[in-house]
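Subject: Structure handover and notes

Dear colleague,

I am passing on the structure below, together with some notes on what was found in it. Please read the notes with the coordinates open beside you.

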Amino acid sequence: MDPQYVAFQQAIIDTLRNPRYIDVLNFQLLSGNSSPDIHIYPNAYRGVAAAIEQGRINFDYVDAFDDPDQLAAYDTVTNQFVFLRSSVLNMDIGRSAVIHEATHAAIDRAGIGIHSRYLDESAAYIAEAAVILHLEGRRRNTGRIRAEAQRQARQLVIRHPRFQFTHDQLIPLIRAIEGNSLYAPTDDPVSRIYLSDTFDSNRWWDEKLGRRQQ
Ligand SMILES: [Zn+2]
């Protein structure tokens, strides 16, 4: 087997089982409407690690993404992580990318149903930011979304178990995500992000229309 694949897989599993990374990740994002809330907790990451070991979640790597700012992805249709081939996943910076994508995977596995794409993305950025703050005790200046996520994540790092973010608290982060071209809405009817496979969680709640997107 490709040695880089084996090394990537082990780095992902090690990160998702390491208490240094996952113990701080215990929070809830309240949707503020009839779409589902999101619950994140350490065992959810252990569950993703187990799914990788069992071959129920796979991963691939690419030389480049279409958007040069993109570093990694989780595909809810194929249940697959995608990383840049040049990623160094055994360093803290690579591990925060693993935590980000594993948060998407954990939400997908939870099968919560049709939910907000922006809440899903907020959870991933808050988890990533909480890990960076927990390990480094300071923030990196890396753009509007991450700056806002780190401001939110500070509340986790001072250890409120099961910290609840209300929808109102999350609005600045949601606006930052909406304003980024990586997350621009698409009307493409074959866009893979709107397709469903294992779980219904692959369909998004349309915040503006107040209903699910088809
Ligand atoms: Zn994401």
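In this predicted model, helices H1 and H3 are roughly antiparallel to each other, because the angle at which they pack is about 155° and angles over 145 degrees count as roughly antiparallel. The axes of H1, which covers residues 3-17, and of H3, which covers residues 42-53, lie 8 Å apart, and the crossing of the two helices is left-handed. On the H1 side the residues that meet H3 are Gln-9, Ile-12, Ile-13, Leu-16 and Arg-17, while H3 contributes Tyr-45, Arg-46, Val-48, Ala-49, Ile-52 and Glu-53.

H3 also holds Ala-44, which is buried because 21 other C-beta atoms lie within 10 Å, where 20 or more are needed. Between Ala-44 and Ile-107 there are 8.4 Å from C-alpha to C-alpha, although the two are 63 residues apart in sequence.

Turning to the strands, S5 (residues 80-84) is paired with both S3 and S4. With S3 (residues 58-62), S5 runs parallel and shares five bridges, and within this pairing Phe-59 has Phe-81 of S5 as its bridge partner. With S4 (residues 72-75), S5 runs antiparallel through four bridges, and here Ala-72 is matched with Phe-83 of S5. S4 and S5 make up a hairpin in which four residues separate the two strands, and in the turn Asn-79 has a positive phi of about 55°.

What distinguishes the two faces of S5, in terms of which side chains are buried? The side chains alternate along the strand, so that Phe-81 and Phe-83 point to one face and are buried, whereas Gln-80, Val-82 and Leu-84 point to the other face and are not buried. The two buried residues of S5 are thus the ones already met as bridge partners, Phe-81 for Phe-59 and Phe-83 for Ala-72. In S4, by contrast, both faces are covered: Ala-72 and Tyr-74 on one side, and Ala-73 and Asp-75 on the other, are all buried.

There is also an open sheet of three strands, in the order S2-S1-S7 and with mixed pairing. Strands S2 (38-40) and S7 (163-165) stand at its edges with a single partner strand each, so one side of each has no neighbour in the sheet. From one strand to the next the twist averages 15°. S1 (residues 27-29) and S2 run antiparallel and are joined by three bridges, and Leu-29 has Ile-38 of S2 as its bridge partner.

For the chain as a whole, there are seven helices and nine strands, and 38% of the 214 residues count as buried. Among the contacts with a separation of 6 or more, 65% are between residues 24 or more positions apart.

Finally, a word on confidence: the chain averages a pLDDT of 81, and 81% of the residues score at least 70. Over residues 188-200, however, the pLDDT is below 50, and this stretch has 17 contacts in the model beyond near neighbours in sequence. Where pLDDT is low, the predicted coordinates should not be read in detail.

With best wishes

Technical notes. Residues numbered from 1 in each chain as written. Predicted model: local features only at pLDDT ≥ 70, side-chain atom pairs only at ≥ 80, totals over all residues. Buried ≥ 20, exposed ≤ 12 C-beta atoms within 10 Å, placed from the backbone. Pairing = 2+ DSSP bridges. pLDDT = per-residue confidence, 0-100. Contact = placed C-beta atoms within 7 Å. Axes fitted to C-alpha atoms, helices over the stretch in contact; angles between N-to-C directions. Parallel < 35°, antiparallel > 145°, perpendicular 65-115°, else oblique. Left-handed = near helix turned anticlockwise from the far one by under 90°.
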